Amino acid sequence: MSLLSVEDLNVRFHTEDGVVHAVDGVSFSIEPGETLGIVGESGCGKSVTSMTIMGLTQSDNTDISGSASFEGANLLAMGNDDLRKVRGNEIAMIFQDPLSSLHPFYKVGKQLSEAITTHRDVSKSEARKHSIELLGMVGVPEPSRRIDDYPHEFSGGMRQRAMIAMALSNDPKLLIADEPTTALDVTTQAQIIDLLAKLQAELGMAVMIVTHDLGVIAETADRVVVMYAGRIVEEGVLDEIFYDPQHPYTWGLLGSLPRLDRPRPERLPQIAGLPPSLINAPQGCHFRPRCPHAFGRCVEIPPLKARIPDRPDHLDRCWLDVESKRELRVVDEGIGLREPAG
Amino acid sequence: MTPLLEVRNLVKHFPIKSGILVDREVARVQAVDDVSFTIEQGETLGLVGESGCGKSTLCRTILQLIEPTSGSVRFEGEEIAGLDPKRMRSMRREMQMIFQDPYASLNPRRRVGQIVGQPMVLHGTVERRDVRRSVEELLDRVGLSAEHYNRFPHEFSGGQRQRIGIARALALRPKLIVADEPVSALDVSIQAQIINLLEDLQEEFNLTYIFVAHDLGVVRHVSDRIAVMYLGKVVESSPADRLYSDPVHPYTNALLSAIPIPDPRRSAERAPLVLEGDVPSPINPPSACRFHTRCQWATEICSANEPPLASYGLDRVAACHHPRNVSAAQLSRAEVVPESPESAGNSVAAPAAPAAPSTPSA
Amino acid sequence: MRRYIARRILWGIALLFITSAVVFVIFFVFPTADPAALRAGRSATPEQIELIRKSLGLDQPIYVQFWYFMRDLVLHLDLGYSYQSNIDVSTLIIDRLPATIWLVTGASILWLAIGIPVGIIAALRPRSFLDRVTMVTTLTLISAPVFWLGLVALYLFSDDVGSLLPIFPGIGSYLDATTPLEKAGSMLLPWIVLASASAAIYARYMRSSLMDSMSEDYIRTARAKGLPEKTVVRRHGMRSAITPIVTLLGLDIGTLLAGNAILTETVFNIPGVGRLLASSIERSDLPVIQGLVLFGAFFIIVFNLIVDIAYAYLDPRVRYQ
């Protein structure tokens, strides 16, 4: 049984401008111990998906349907008290900006201890002792002294380490990392990615890493889900997404990166146009208006399914046949989205 | 021919003041510390470094938006550091800035037409009755349309706002554009559009760019030459492709190694060089070579003598006592370059125990 | 932290000194009438006036006069002498202070007790029926002038002229009250009137402050930890939301003690500092007005100081600036 299994998740926000269909029929699963990367640009629904699993998008203006089963129990149907026992305990989460994610008025140690005492019946001094161990484990130097610092006295990297320590305080089975390195400098980012990999190997938890950065995905994920405008457009194991991508949007993402590992092209292959509004999304395939290869059938929504023979785990949402995809996606000896002729 | 921009020994220190009743200076943030470089017309200089390395301050100091503590900035041979405000105002026509957050830098109460047209009116570069036509042409040129003339910035997406910012910067037909993280806030697909646009415009208008970014991939793509900054100093300056294939300074090596490669196999193959710890405070930077506290090759000399910027062949310049990817022959020919800081020595000190020149790494 | 407090206190003292200097310039250097002549009475001879001028030190150079003024102020808390009431200004003010303290303390407790909970409820249920009712009510209360509200309250509820529910002690009852209980009773209507507008302002302030803090990222973190919503609001949301309220409260109490309760005190005939200010302005009793200005400045500066220190205590980020 999967650790987490999301089925046909739909999230709609009611706003003054209309109903935003932020997550549109998203289904995926995470196995124990694996790392699933969810990649997409801002507004693609990747963060909303992860927050909804944690029950953090619930409000009067939000419609949520579908299910998210964690070890067989549907998180979306749980009462507040039951959900609370899961989050921070069996599923933990870290966020993009560690400074604003920590309360500025409380010492780091207090915020850590709070995470422990919420789910465990331990004394204050035990919680503090455990907090110091956790800080040490995530590589904060002099943890017994730094525990009495306020978040603003930590550097950006140290704050994210503290957030990770907090998330790990109850040995979660699943860690959701929502853009965990986006706000950090590259050398700090490398430290945090290293740390997450090390901790995952030690503790054996599953990780769901949500990011816009394909480089981070390449370094961390086992399997990848690519999202565009609220929908999953492609899903598969890491290598297949990078070396045999099936959806034109994935080609576009891979191609438009200025890459250090390749000779530089004269011109970056770019994706024309803008992502659609999720209030009035285009009919059929959401990528159709920007796709140079769109044809008549694209006004129908392509189902997310396996289309390559003998690759049941590689799913995509594109009507093009597998052979023509392999021709169309090659640009300058790499993978990219060909610019429209003329 | 005089270079378009010549920066010499530029220093910007921000005093930190404190006191019970009357503030006095207790320390200085050494944001930019003795930086020199030259840019030719039509060239792009990339500036990279992590937050707090002084790259943004350097840009603003060059444009005299912040008054430099000392040093010289010559634009087409004319000194602009300490230039009187009136003369500076007309010089500004020649040098414009593009910012990271296009929304924060556009007046939300003004229409696009006013935002882009105002500089033309203020500087009188375009006849009043021609302003609208010029603005519309410019909007068209940056990939917007003439219909956007009467819209407000909030009606646009991030990428489109950056196009407005670019149109405004171009309104006065400047020679130099300083772009401070112009694509950092944008999504990958939009980022490529803006980078391509900036390159097209450079060719069309013969623009010179100073391009600041923390994303080394983006910087390599657009730059001819790249300067790497660490704690207010330029530690390496090399041709764009060379910087990536044969980085000299250990910090450049670490920076390149830290960037995740969007290629799972290559990413798994390489042995990453993870830097320990955080960037030290620019208030009390480490002595001599500022990188010595985090450098795995550091020896005693690194904390005693500041390494001068020296040439290490292949047009590479770096400030390091233990340069990487440098052959024995290149090392023996190394010479201190004129851009070297005054506080650094005048000779390329031979390493105490001549470290075997490291082989270029993948 | 200590350094920060020392810095604030020194600035407070410096401000007090500057205020005193300004007051001195206004009341002594630009005299509206010759103080010696005023003191001497109507039928005084020029010689008598000159004598008084000498005895008051008014023939000295200005800086010497200022020195005397400051010396008396600091060493003897001497705010001058009211010739009209024939009493020390400081004694006069200290006499009037208890009534004002009574009024302000009770009213501030009342408006906090109403404003804070109402603001919290409105913030946690934005756009709900309760939120809308609260916001309309508070808007009405904020718009109602205190003197009007006071008169209406008296006409409806005071036990002498009240026409609807005459149960509360009316105008001037504080003057007759002797026991603390009687005094509190006599203050009931003034408290309600003074507190109503402030309660409304605090409710709105609390609402927006809590809504701001509840939308912060650290609230999301607190929820992700699995904390009960009550704890999230109380420990994480309220903690940051209350900080600006403390600032507001400190400044409000400072200005009210300084005489800003003038309207309420006048309507209910409470012999407080504000009432004293009103009557001395009517009678052009300059020494009293001058004393009250200094005294008011003192309260405002002191409460500002308290606010600054409280702020540093509440927000650890401030201490390190």
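The following exchange introduces a predicted model and the way its chains A and B meet.

Visitor: What radius of gyration does chain B have, and with what value for a compact globule does it agree?
Guide: In this predicted model, the C-alpha trace of chain B spans about 70 × 60 × 50 Å along its principal axes, and buried residues make up 47% of its 362 residues. Because a compact globule with 362 residues would have a radius of gyration near 21 Å, the value for chain B agrees with that expectation, being 22 Å.

Visitor: Which helix supplies the largest share of the side of chain A that touches chain B?
Guide: The contact takes 37 residues from chain A and 34 residues from chain B. On the side of chain A that touches chain B, α8 (186–203), α9 (214–220), α10 (238–243) and α11 (248–255) of chain A each supply at least two residues. The largest share, 7 residues, comes from α8(A).

Visitor: Is α8(A) parallel or oblique to α9(B)?
Guide: Two packed helices are described by the angle between their axes and the distance between the axes. Here the axes of α8(A) and helix α9 (residues 250–258) of chain B come within 8 Å and cross at roughly 50 degrees. Because angles from 35 to 65 degrees count as neither roughly parallel nor roughly perpendicular, α8(A) is to α9(B) oblique.

Visitor: How many nonpolar residues does the contact of α8(A) with α9(B) have?
Guide: In this contact, A:Val186, A:Thr187, A:Gln189 and A:Ala190 in α8(A) meet B:Ala254, B:Leu255 and B:Ala258 in α9(B). By class, 2 of the residues are polar and none is charged, while the number of nonpolar residues is 5.

Note on methods. Residues are numbered from 1 along each chain as its sequence is written. Chains are lettered from A and ligands numbered from 1 in the order in which they are written. This is a predicted model: local features need pLDDT of at least 70, side-chain atom pairs count only at pLDDT 80 or more; totals for chains, interfaces and linings use all residues. Two residues are in contact if their C-beta atoms, placed from the backbone, lie within 7 Å. Helices (H or I, at least four residues) and strands (E, at least two) are DSSP runs, numbered from the N terminus. The radius of gyration is taken over C-alpha atoms; the globule rule is 2.2 Å times the number of residues to the power 0.38. A residue is buried if 20 or more other C-beta atoms lie within 10 Å of its own, exposed if 12 or fewer, and partly exposed in between; C-beta atoms are placed from the backbone. Axes are lines fitted to C-alpha atoms, for helices over the stretch in contact, and angles run from 0 to 180 degrees between N-to-C directions. Angles under 35 degrees count as roughly parallel, over 145 as roughly antiparallel, 65 to 115 as roughly perpendicular and the rest as oblique. Ala, Val, Leu, Ile, Met, Phe, Trp, Tyr, Cys and Pro count as nonpolar, Asp, Glu, Lys and Arg as charged, and the others, Gly among them, as polar.
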